[in-house]
Amino acid sequence: MSDEARKIRLLMELRRGGVTATNVLSAVERVPRDNFVLPSFADQAYENTALPIHQGQTISQPYVVAFMTQALGLTSSNLKVLEIGTGSGYQAAVLSKLVRRVFTIERYRSLYREAEAALKRIGVNNVVTKLGDGMLGWPEQAPFDRIIVTAAAETVPDALKAQLKDGGILVIPVGRDPVSQSLLRIRRQGDQFIEENLLPVRFVPLLPGIAREAQDNPEG
Ligand code: SAH
């Protein structure tokens, strides 16, 4: 089966799972996921599964990327979005098709560099990457219309709530259990934060500080 045929199958699967926003489906369609996976997993780039990347991290399942993107309610293309957990850069690339500017933070230097290179290869130029601790947000660029966290937090970091615009939306997986977390959508109304529980999910943990690099290599 060709990548094109696999991609069509994947889009049908996303739609069946309730991702019906045409702008989101079109963004997924326009981003080559094979550009963000390790060469040894290229044949699985359009499968609806998470895949390993360097440093023991993962590129999220396409359904979860699409679902979270839809949950952000990107009603205008003029929005400024913050992502915590760049990983492969795939989620940032999908967002780049839908909003004006994406700011994304990663705590592993090697992943941050690889993601930056991957985004450049496919000509994405409205994503700004940074090495740092995303739990602190990006104060110099705040406030944000939307914030998406793609690693599981034990609790919602206060800095992220503080950097959300009034009327803004934060989407974040929360939970202490490594194999079962809840995807929350939090809407800010003034000093009120209104929470909704959307979906059970499974993410790698959100950890503090810049990471020490491990010399791992899942490609063998
Ligand atoms: N959005 C990514 C998913 C990557 S997995 C993608 O589309 O591929 C989550 C990533 O969050 C990992 O790379 C991990 O290193 C990173 N991460 C965890 N805690 C973090 C923190 N405090 N700040 C920044 N990145 C963090």
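Which residue in S9 is the bridge partner of isoleucine 186? In this predicted model, the bridge partner of isoleucine 186 is glutamate 195, a residue of S9. The pair belongs to an antiparallel arrangement in which strand S8, covering residues 181–189, is joined to strand S9, covering residues 192–201, by 9 bridges. Elsewhere along these two strands, serine 182 stands opposite proline 200 in S9. The hairpin formed by S8 and S9 has 2 residues between the strands, and glycine 190 in this hairpin takes a positive phi near 65°.

Strand S8 is also joined to strand S7, which comprises residues 164–174, and here the two strands run antiparallel with 6 bridges between them. Within this pairing, isoleucine 172 stands opposite leucine 184 in S8. The hairpin of S7 and S8 has 6 residues between the strands, and a positive phi near 160° is taken there by glycine 175. Strand S8 is thus described by two antiparallel pairings, one with S9 and one with S7.

The second part of the description concerns the ligand, which sits in the largest cavity. The ligand is surrounded by 27 residues, of which Glu83, Ser88, Glu106, Gly134 and Leu207 come nearest. By class, this shell consists of 12 nonpolar, 11 polar and 4 charged residues. Several elements each supply at least two residues of the shell, namely strand S2 (58–59), strand S3 (80–84), helix H4 (90–96) and strand S4 (101–106).

Polar contacts to the ligand involve both side-chain and backbone atoms of the protein. An oxygen atom of the ligand lies 2.7 Å from a polar side-chain atom of glutamate 106, a residue that is also listed among those coming nearest to the ligand. At glycine 134, which is likewise one of the nearest residues, a polar backbone atom is 2.8 Å from a nitrogen atom of the ligand. For threonine 150, an N or O atom in the side chain is found 3.0 Å from a nitrogen atom of the ligand. Of the 580 Å² of accessible area that the ligand has on its own, the protein covers 100%.

Terms used. Residues numbered from 1 in each chain as written. Predicted model: local features only at pLDDT ≥ 70, side-chain atom pairs only at ≥ 80, totals over all residues. Heavy atoms only, no water. Near = heavy atom within 4 Å. Polar contact = N/O pair within 3.5 Å; in protein donor to acceptor, adjacent residues only side chain to side chain. Areas by Shrake-Rupley, 256 points an atom, 1.4 Å probe, with all protein chains shown as cover. 1 Å grid on protein atoms, 1.4 Å probe; cavity = no way out; pocket = protein on both sides within 12 Å on 5 of 7 lines; lining within 4 Å. Sits in = over half its atoms within 2 Å of the grid points. Helix = DSSP H or I, 4+ residues; strand = E, 2+ residues; numbered from the N terminus. Nonpolar A, V, L, I, M, F, W, Y, C, P; charged D, E, K, R; others polar. Pairing = 2+ DSSP bridges.
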